[in-house]
Amino acid sequence: MVNATARPLPDLTVGELSRRSGVPASALRFYEDEGLIRSRRTAGNQRRYCRDTLRRVTFVRMSQRVGMPLSKIREVLALLPDDRTPTRADWARISRCWQEDLNARIRQMEQLRDQLDDCIGCGCMSLAKCRLANPGDRLGTDGPGPRRLADHRGDGYGD
C-alpha cells in the first residue's frame with residue numbers, strides 16, 4: 001500500500017547523481033551542456049537534478065556503448081516528456097527510432113569481422129592484394145576512408 005502522505009524524494013546534487021549513475025561529475029556537466037540532461041539551480045547556484053535524470057544518464061551511457069553519436073541520442077531524448085517520468089511506452093517508442101540504425105551497425109560489424117584479414121578498401125595500395133581488390137584505386141573515387149566498410153550495400157563497389 002502506498003502512503004499518500006509520503007513526501008517526494010529530494011532532487012540529487014551533481015555528486016549524488018555521479019555516485020548513483022557511476023558517471024563522473026565532469027561528464028554530467030558535459031551532458032548538460034550538450035542538452036542531454038537538465039538541472040535546476042539553487043539560490044546558491046548549485047545544480048539539482050530530478051531523480052528521473054538517472055534514467056536519462058543510463059540511457060545516454062548505454063547508447064554510447066552501442067556507438068550512437070550524441071547528436072542522435074539528443075534527438076531521441078527530445079521525444080521523452082520533461083514533465084513526468086518516462087513510461088515503458090515512451091522508452092519503447094524511442095527504441096524503435098534506432099532499430100534500423102542498430103541493424104545497419106550490426107551488418108557493418110559483421111562485414112568488418114568477415115573481412116578483417118582482407119583489404120578493407122583503404123586505398124593504401126601497399127599490399128599486393130590491394131591491387132586485386134581495388135584495381136586502379138576504384139574505391140578512391142568514392143571518397144576518403146575505408147570505402148568497403150562505409151558502403152552499406154555490401155561489396156563496397158556500388159551497384
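**Note on the salt bridges and helix α5**

1. Asp 11 has a relative accessibility of 29% and therefore counts as partly exposed (buried is under 20% relative accessible area, exposed over 50%, and partly exposed in between, with a 1.4 Å probe and protein chains only). The model discussed here is predicted: local features need pLDDT of at least 70, side-chain atom pairs count only at pLDDT 80 or more, and totals for chains, interfaces and linings use all residues. Residues are numbered from 1 along each chain as its sequence is written, and side-chain values use heavy atoms, with hydrogens and water left out.

2. Across the whole structure, a search finds seven salt bridges (a side-chain nitrogen of Lys or Arg within 4 Å of a carboxyl oxygen of Asp or Glu). One of them joins the side chains of Asp 11 and Arg 40, with 3.1 Å from N to O. Because Asp 11 lies in the segment before α1 (14-21) and Arg 40 in strand β1 (residues 40-41), this pair ties together parts that are 29 residues apart in sequence. Helices (H or I, at least four residues) and strands (E, at least two) are DSSP runs, numbered from the N terminus. Arg 40, with a relative accessible area of 44%, is partly exposed.

3. A salt bridge also links Asp 90 to Arg 93, whose closest N and O atoms are 3.0 Å apart. Both residues belong to helix α5 (residues 88-115); they are three residues apart and so are separated by about one helical turn. Asp 90 is buried at 5% relative accessibility, whereas Arg 93 is partly exposed at 33%.

4. Further along the chain, Asp 101 and Arg 105 form a salt bridge with a closest N and O separation of 3.4 Å. These two residues of α5 lie four residues apart, which means about one helical turn between them. An α-helix has 3.6 residues a turn, so residues three or four places apart point the same way. Asp 101 is partly exposed at 21% relative accessible area, and Arg 105 is partly exposed at 25%.

5. The geometry of α5 merits a remark. The helix has 28 residues and spans 39 Å from its first C-alpha to its last, close to the expected 40 Å (1.5 Å times one less than the number of residues). At Trp 98, α5 bends by about 40°, this being the angle between axes fitted to the seven residues ending there and the seven starting there.

6. Trp 98 is also among the buried residues of α5, together with Asp 90, Ile 94, Ala 104, Gln 111 and Gln 115. Asp 90 thus combines a buried position with a salt bridge to Arg 93.
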